[in-house]
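Here is a short briefing to read with the model open beside you. Take a moment to find the ligand before going on.

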Amino acid sequence: MKRALFPGSFDPLTLGHCDIIKRGVTLFDEIIIAIGVNSDKKYMFSLDERKKFIEEAFAHEPKVKVVTYKGLTVDFCNEIGVDFILRGLRNPADFEFEKAIAHTNRSLSEIETVFLLTAASTSYIASSIVRDVIRNNGDYTKLVPDSVRVTN
Ligand code: ADP
């Protein structure tokens, strides 16, 4: 069974992430969305909220699982027996950043990173931009799936 880990902060899940996940499902038997927990980072949404947004958005898709993890992504992959990491590439800056991480991961493990180019229609979306729109009371609903709603 081919399983891929899709790691990230998902603060919050965006339509860009959803595009990568939906396309990942056609390539792998299982996509494990792994929310990284970094105690030094300040998040807009709690871990529970971020997890719930993803679970609700993919409730109809049995091939998608959501987990949380701490520590190195490759260590977590080895722990749960996953051979692939899935990442999305939006632009050259993403490529440079992801290249260094993928090479490092490859030197630390046998795990292969598989990249998907983002859909043109969602390639401009970043969680940081969504957070800015939310903070400034803009209409963020066009950038995220229906499961992502700000309640307070
Ligand atoms: P991180 O904190 O690791 O940057 P993110 O939650 O922002 O985590 O992103 C996780 C993954 O989703 C990364 O591979 C990133 O490139 C990808 N991604 C982020 N935004 C988009 C988008 N708009 N389209 C496609 N992929 C995206």
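Which residues are closest to the ligand, and how many surround it? In this predicted model, 16 residues surround the ligand, and the closest are Ser9, Gly88, Thr118, Thr122 and Ile125. The ligand takes up the space of the largest pocket, and the points below begin with its contacts, move out to the pocket and end with a loop worth a look.

**Polar contacts with the ligand**

- The side chain of Ser9, already named among the closest residues, has an N or O atom 2.6 Å from an oxygen atom of the ligand.
- Arg87 places a polar side-chain atom 3.1 Å from an oxygen atom of the ligand.
- For Arg90, the partner is a nitrogen atom of the ligand, with a polar side-chain atom of Arg90 lying 3.1 Å from it.
- On its own the ligand has 560 Å² of accessible area, and the protein covers 87% of this.

**The shell around the ligand**

- Three elements are listed as giving two or more residues to the shell: β1 (3–8), α1 (15–27) and β4 (84–89).
- By residue class, the shell holds five nonpolar, seven polar and four charged residues.

**The largest pocket**

- The largest pocket, whose space the ligand takes, contains about 1,100 Å³.
- Its lining is made up of 41 residues, and those nearest the centre of the pocket are Pro7, Gly8, Ser9, Arg87 and Glu98.
- Ser9 and Arg87 thus turn up again here, after their polar contacts with the ligand.
- At least two lining residues come from each of β1, α1, β2 (30–36), β4, α4 (92–108) and α5 (127–135).
- Which element gives the largest share of the lining? That is α4, with eight residues.
- Sorted by class, the lining has 17 nonpolar, 16 polar and eight charged residues.

**The loop between β1 and α1**

- Most residues other than glycine have a negative phi, and most peptide bonds are trans.
- Phe10, in the loop between β1 and α1, has a positive phi near 50 degrees although it is not a glycine.
- Pro12 also lies in the loop between β1 and α1, and the peptide bond that leads to Pro12 from Asp11 is cis, with omega near 0 degrees.
- While you are looking at this loop, recall that β1 and α1 each give two or more residues to the shell around the ligand and at least two to the lining of the largest pocket.

Technical notes. Residues numbered from 1 in each chain as written. Predicted model: local features only at pLDDT ≥ 70, side-chain atom pairs only at ≥ 80, totals over all residues. Heavy atoms only, no water. Near = heavy atom within 4 Å. Polar contact = N/O pair within 3.5 Å; in protein donor to acceptor, adjacent residues only side chain to side chain. Areas by Shrake-Rupley, 256 points an atom, 1.4 Å probe, with all protein chains shown as cover. 1 Å grid on protein atoms, 1.4 Å probe; cavity = no way out; pocket = protein on both sides within 12 Å on 5 of 7 lines; lining within 4 Å. Sits in = over half its atoms within 2 Å of the grid points. Helix = DSSP H or I, 4+ residues; strand = E, 2+ residues; numbered from the N terminus. Nonpolar A, V, L, I, M, F, W, Y, C, P; charged D, E, K, R; others polar. Points joined across faces, edges and corners; volume = space filled by probe spheres on them.
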